[in-house]
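Got the model open in your viewer? Here is a short tour, one selection at a time.

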Amino acid sequence: MSQDSHGPVPVTITVNARPHTWEAKEITFEQVVDLAYPGQPPNDQDTYTVRYSRGHDGHGTGSLTAGHSVQVKKGMVFDAYRTSRS
């Protein structure tokens, strides 16, 4: 019996040095930002940059931009940076 018949298996990912359990096959830019800055909705003054490492073969490292997603893998690491315009 394959595990795929029950949906994605939860994996542990790291966002800004904090572990999170993730249950979907993919994660979006917006979801990473929300995990990195919980309860702090983005506003017009903030710009976010998301980088990841330890991803799937061929996509081991990269950047994630607004409106895009990446396939999640156990042990994947995300770093989200917020820049505020003053």
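Start with the whole chain: of its 86 residues, 28% are buried. Keep in mind as you click around that this is a predicted model. Colour by secondary structure and you should find one helix and seven strands, in the order β-β-β-α-β-β-β-β along the sequence. Now think about contacts between residues with a separation of 6 or more: 53% of those link residues 24 or more positions apart.

**Stop 1: strand β1**

Select residues 11-15, which are β1, and show the side chains. Which ones point to one face and are buried? Val11, Ile13 and Val15 do, while Thr12 and Thr14 point to the other face and are not buried. That fits a general habit: in a regular strand the side chains alternate between the two faces of the sheet.

Next, add β2, residues 18-22. β1 and β2 run antiparallel and are joined by five bridges. To see how they line up, pick valine 11 and look across to tryptophan 22 in β2.

While you are on β2, click histidine 20, which lies in that strand. Is histidine 20 buried or exposed? Its relative accessibility is 18%, so it counts as buried, the cut-off for buried being under 20%. Leaving out residues up to four places away in sequence, histidine 20 touches Val11, Thr12, Ile13, Val15 and Leu35. Val11, Ile13 and Val15 are the buried side chains you just picked out on β1, and Leu35 comes up again at the helix.

**Stop 2: the turn between β1 and β2**

Zoom in on the hairpin of β1 and β2, which has two residues between the strands. Asparagine 16 sits in this loop, and so does alanine 17. Check the backbone angles here. Asparagine 16 has a phi near 50 degrees, a positive value in a residue other than glycine. Alanine 17 isn't a glycine either, yet its phi is positive at about 70 degrees.

How exposed is each of them? Asparagine 16 has a relative accessible area of 22%, so it is partly exposed. Alanine 17 comes in at 69% and is exposed.

**Stop 3: helix α1**

Now select residues 29-36, helix α1. Its buried residues are Phe29, Val32, Val33, Leu35 and Ala36. Look down the helix axis: these buried residues fall within an arc of 160 degrees, so they line one face of α1. The helix geometry is worth recalling here: an α-helix has 3.6 residues a turn, so residues three or four places apart point the same way.

What covers those buried residues? Switch the strands back on: the cover includes β1, β2, β3 (26-28), β4 (46-53), β5 (62-64) and β7 (77-84).

**Stop 4: strand β7 and its partners**

Select β7 on its own, then bring back β1. These two pair in the parallel sense over two bridges. On β1, threonine 14 has valine 77 of β7 as its bridge partner, and valine 15 stands opposite phenylalanine 78.

Then swap β1 for β4. β4 and β7 pair in the antiparallel sense, over eight bridges. A handy pair to label is threonine 49 and, opposite it in β7, tyrosine 81.

**Stop 5: aspartate 46 and threonine 83**

Finish by clicking aspartate 46 in strand β4. Which side chain of opposite charge is nearest to aspartate 46? Arginine 82, at 4.4 Å. Aspartate 46 is buried yet has no salt bridge; the cut-off for one is 4 Å. Turn to serine 84 instead, and you will find a polar contact of 2.7 Å between its side chain and that of aspartate 46. Setting aside neighbours within four places in sequence, aspartate 46 is in contact with Arg82, Thr83 and Ser84.

Last click: threonine 83, in strand β7. With a relative accessibility of 47%, threonine 83 counts as partly exposed. Draw a distance from its C-alpha to that of threonine 47: the two residues are 36 apart along the chain, but the atoms are separated by 5.1 Å. Beyond its neighbours within four places in sequence, threonine 83 is in contact with Gln45, Asp46 and Thr47.

Methods: Residues numbered from 1 in each chain as written. Predicted model: local features only at pLDDT ≥ 70, side-chain atom pairs only at ≥ 80, totals over all residues. Heavy atoms only, no water. Buried < 20%, exposed > 50% of the residue type's maximum accessible area, 1.4 Å probe, protein only. Helix = DSSP H or I, 4+ residues; strand = E, 2+ residues; numbered from the N terminus. Arc of directions from axis to C-beta. Contact = heavy atoms within 4.5 Å. Lys, Arg positive; Asp, Glu negative; His and termini not counted. Polar contact = N/O pair within 3.5 Å; in protein donor to acceptor, adjacent residues only side chain to side chain. Pairing = 2+ DSSP bridges.
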